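This report looks at a pair of helices, at the chain as a whole, and at two residues with an unusual backbone angle.

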Amino acid sequence: RAVTRGMRRSSVILVILVIFGGVAPAARAEPPQEDWTLWNNLYQRCLYNCGFDGCSRLGYKDVTYATGGCVEGCRNGGPKDGGAAPDFDLGMKLTGWTCQTDCKYRCMHTLQAIRGSEGLPPAKYYGKWSFTRVFGVQEIVSTLASLANMGVHLWFIPSVYGAARNRTSGAPTEATSAGPGSAFAGTWLVNAAINANAWLWSAVFHARDTRWTEFMDYTSANLLMFSALYCVLVRTFELDNRRSAGLFFAFFVWLASHVWMVNNPPDRSVESYRWEVNMRVMMTIAVAHWAIVLPWAYGCRLRRGGFGSGNRRRLSHPGRHSLALFAILWHLAALAEVFDFPPIWGYLDSHALWHCGTPHCIWLWYRFLKEDLRWDGVSATPKKDQ
């Protein structure tokens, strides 16, 4: 049988997405090869000085470098309870800074000043670039961009909720007047809430990087990806409640196992283990997600006569182009991660650039979703099998 034009289009899009996913890990910038012994010793000395007198001062080649003034409340280790120093501003108190973490932050920038005087590029500390904090927020651009992404979801959630509620009550609305497609409104509503939650924790993590916020950011992102694949399977295969519940249980066990494995690596001395394992699983889920939903949207097998009938025929989803454009633009924005450049002016790095490029993509997703909720599975022009 000849492949239909719609299916060819979905195949091209899938190839593009696979190329995007393959280029990113291969092209990711490698850290410069340096002897870090000197810099590590300087950093540890700065931390010792800061813990003693609250000053992030370092002497290097007869020049004294320092970041900010001395924090009197951080002398001799700071408050005995390990909390914030009395002279911290409100923003630092609200975001949970302590004398120890503040010393780490200021010593990073002190070292950056020394490296700059030597003509050396910025370095990463604890696996991250040194950002300029604003009102206690570590990565202000990534935080605001994450909140913008969450805001788009929150803007559209009421309409999805209305579709789910009216589907349950049986009351038709303009959004669901064509309505059998709205049978999946509840599934999409849960998925929208999970997305909003993931972006909330992304904002919290970028505002203040701690072990707890990192765990919640990673776990919420994992939940988002697992939810996306689960919802696509339920939607494309039109699973009933019994099968959906069985699939949900399987995904729950899979997600719990993955989170446990990532947070309990066999070799805790290898910090990159968590990132590599998590990334491989997430990329596998992303490929499976698009490999299922794009061919379905461009030439899906639907029951003849609409949802709930017996035989099937090939139709194109009315929101297929919005879905395809969302997929391409989303992964194109994610390619910003490839460059991995230090923050411009201390604020905008490649990760922040990625988050800044995704809010408009989410609008395309809900444009597809609106068409899906109104679709009856009959009105689209059928594609003929050849």
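## A pair of helices

Are α6 and α7 roughly parallel or roughly antiparallel to each other? In this predicted model, where local features need pLDDT of at least 70, side-chain atom pairs count only at pLDDT 80 or more, and totals for chains, interfaces and linings use all residues, helix α6 (residues 185-207) packs against helix α7 (residues 211-236) at an angle of about 160°, and their axes are 8 Å apart. The two helices are therefore roughly antiparallel, a term for angles over 145 degrees. Residues are numbered from 1 along each chain as its sequence is written, and side-chain values use heavy atoms, with hydrogens and water left out.

The contact of α6 with α7 involves 14 nonpolar, eight polar and three charged residues.

## The chain as a whole

The protein chain contains twelve helices and five strands (DSSP runs of H or I with at least four residues, and of E with at least two). Of its 386 residues, 46% count as buried, meaning under 20% relative accessible area with a 1.4 Å probe, protein chains only.

## Two residues with positive phi

Most residues other than glycine have a negative phi. Asp 62, in the loop between β1 (57-60) and β2 (63-66), nevertheless has a positive phi near 65°, and at 85% relative accessibility Asp 62 counts as exposed, the term for over 50%.

Glu 238, which lies in the loop between α7 and α8 (241-263), also has a positive phi, of about 50°, but Glu 238 is buried, with a relative accessible area of 11%.

Technical notes: Axes fitted to C-alpha atoms, helices over the stretch in contact; angles between N-to-C directions. Parallel < 35°, antiparallel > 145°, perpendicular 65-115°, else oblique. Nonpolar A, V, L, I, M, F, W, Y, C, P; charged D, E, K, R; others polar.
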